[in-house]
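Subject: A structure for you to look at

Hi,

Here is the structure I promised to pass on. Have a look at it first, then read my notes underneath.

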Amino acid sequence: LRTVTGVQTCALPILLAPLKMRFDIIHVAHGLCDEEARALMNRSKLVLNLHNDAYPNFENRVAQALFCSRPVVSETLTGDTLVAGRHYTPADSPDALCRTVGGLLSAPEPQPPEIELGRFTIWTLLQRLGISTDGMNR
């Protein structure tokens, strides 16, 4: 089970088509947040993060997936809070997405990224985003 979260866009079917033909994918087109998102992510082997527009972004669902100790494959994020190759595996085309997901799933158990973010942990990152960590289950 792989999870894709985010709103439906014109480009999304093109990005997802090769993956849907090859893998069992749940696409949550309307997006989920907080406990609902984490419940689904906790049932998934990895999480895909695809942008709904070409604007500067952070994508708090990536932080949510990291909190759930799930590997993340994402289009490149802006800023330097989450680092490509360290916190998520970047993939910016349909072929790259398919190759990356296939590579991660062929490993015995997909490994989650290291969630230590230098001077703060994923817990404080979630708090800075206004996401309460009280009573959260991984």
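Before the first number, one term: two residues are in contact when they have heavy atoms within 4.5 Å of each other. With that in hand, take the contacts in the chain with a separation of 6 or more: 60% of them are between residues 24 or more positions apart. Keep in mind that this is a predicted model.

Now the general layout. The chain has five helices and five strands, and from the N terminus on they come in the order β-α-β-α-β-α-β-β-α-α. There are 138 residues in the chain, and buried ones make up 46% of them. As for the outside, the chain exposes about 7,100 Å², with carbon and sulfur atoms supplying 52% of that area.

The helix I'd click on is α4, residues 94-106. How far apart should its ends be? At 1.5 Å a residue, its 13 residues should span 18 Å, and the end C-alpha atoms are indeed 18 Å apart, so the two values agree. Several of its residues are buried: Ala-96, Leu-97, Cys-98, Thr-100, Val-101, Gly-102 and Leu-104. What covers them? The cover includes helix α1 (12-22) along with the strands β3 (46-49), β4 (72-74) and β5 (89-90).

That helix also leads you into the largest nonpolar core, which has 16 residues. Inside this core, Leu-19, Val-73, Leu-97 and Val-101 have the most contacts. The elements giving two or more residues to it are α1, β3 and α4, and α4 gives the most, with five. Try selecting Val-101: leaving out residues up to four places away in sequence, it touches Leu-19, Phe-23, Leu-46, Leu-48 and Val-73. Apart from this core lies another one, of 15 residues, and among them are Ala-37, Val-62, Ala-65 and Cys-68.

One last stop, at Arg-61 in helix α3 (residues 60-67). Is Arg-61 buried or exposed? Buried means under 20% relative accessible area; Arg-61 has 19% relative accessibility, so it counts as buried. Its side chain also makes a polar contact of 2.5 Å with the side chain of Asn-49.

Have fun clicking around!

Cheers

Key:
Residues numbered from 1 in each chain as written. Predicted model: local features only at pLDDT ≥ 70, side-chain atom pairs only at ≥ 80, totals over all residues. Heavy atoms only, no water. Helix = DSSP H or I, 4+ residues; strand = E, 2+ residues; numbered from the N terminus. Buried < 20%, exposed > 50% of the residue type's maximum accessible area, 1.4 Å probe, protein only. Areas by Shrake-Rupley, 256 points an atom, 1.4 Å probe, with all protein chains shown as cover. Expected span 1.5 Å × (residues − 1). Core = buried A, V, L, I, M, F, W, Y, C linked by side-chain atoms within 4.5 Å. Polar contact = N/O pair within 3.5 Å; in protein donor to acceptor, adjacent residues only side chain to side chain.
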